[in-house]
Amino acid sequence: MHLVLQVLATAQALQKEAQRVFKPHGLTAAQFNVLHLLTKQPAGMRASDLARALIVDPSNVTGLLKRMKQSGLLRELDNALDRRQHVVALSAKGRAAWGGAFRDYDRNMAALDAVLSAPNRKAAEKVLEQLTGAVASLR
């Protein structure tokens, strides 16, 4: 199989596993990623900063955050510097959902890390970084 196709197949397998892990916690992988980022930001984050950290288009984050606020996972904070910018933070419900999901996530990440030796992991990371750089240079 061509390397790029193998990378895509691996990404798809990881996505399916993420759905399986997060579904019992009432979360999608995207929701978990938002909650995970916000656990390290008690003052909250702007939607644009979340989009950048998640490596997605800001327009994709707007709807996601709106649905997460409606379901009680997030709370909106006032931004004294710029009222046009929305800042979100974890709610108590969001922190609880993240905590349960994180235990399963962390266990799975440890199992995946155990599959590769440290040298193989470093080599894989280097190859993937090279591919990412090569894709960027195609533009």
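**Pockets and core in a predicted model**

Biologist: Which residues line the largest pocket nearest its centre?

Modeller: Thr10, Ala11, Leu14, Met109 and Leu112, among 28 lining residues. This is a predicted model: local features need pLDDT of at least 70, side-chain atom pairs 80 or more, while totals for chains, interfaces and linings use all residues. Numbering runs from 1 along each chain as its sequence is written, and side-chain values use heavy atoms, without hydrogens or water.

Biologist: What makes it a pocket?

Modeller: It is an open set of points on a 1 Å grid over the protein atoms alone, with protein on both sides within 12 Å along at least five of seven lines; lining residues have an atom within 4 Å of a point. The largest pocket has a volume of about 1100 Å³, the second largest about 270 Å³.

Biologist: Which element gives the most to the largest pocket's lining?

Modeller: Helix 1, with eleven residues. The lining holds 18 nonpolar, six polar and four charged residues.

Biologist: How many charged residues line the second largest pocket?

Modeller: None: six are nonpolar and three polar. Among its lining residues are Gln15, Asn33 and Asn60. Helix 2 and helix 4 each supply at least two.

Biologist: Why is Leu38 counted in a nonpolar core?

Modeller: A core joins buried (under 20% relative accessible area, 1.4 Å probe, protein chains only) nonpolar residues through side-chain atoms within 4.5 Å, and leucine is on the list. Leu38 is therefore buried, as a member of the largest core, which has 23 residues. Helix 2 gives the most to this core, five residues. Beyond four places in sequence, Leu38 is in contact (heavy atoms within 4.5 Å) with residues including Leu50, Leu74 and Val88.

Technical notes: Buried means under 20% relative accessible area, exposed over 50%, partly exposed in between (1.4 Å probe, protein chains only). Helices (H or I, at least four residues) and strands (E, at least two) are DSSP runs, numbered from the N terminus. On a 1 Å grid over the protein atoms alone, a cavity is a set of points where a 1.4 Å probe fits but cannot get out, and a pocket is an open set with protein on both sides within 12 Å along at least five of seven lines; lining residues have an atom within 4 Å of a point. Grid points are joined across faces, edges and corners, and a volume is the space filled by probe spheres set on the points. Ala, Val, Leu, Ile, Met, Phe, Trp, Tyr, Cys and Pro count as nonpolar, Asp, Glu, Lys and Arg as charged, and the others, Gly among them, as polar.
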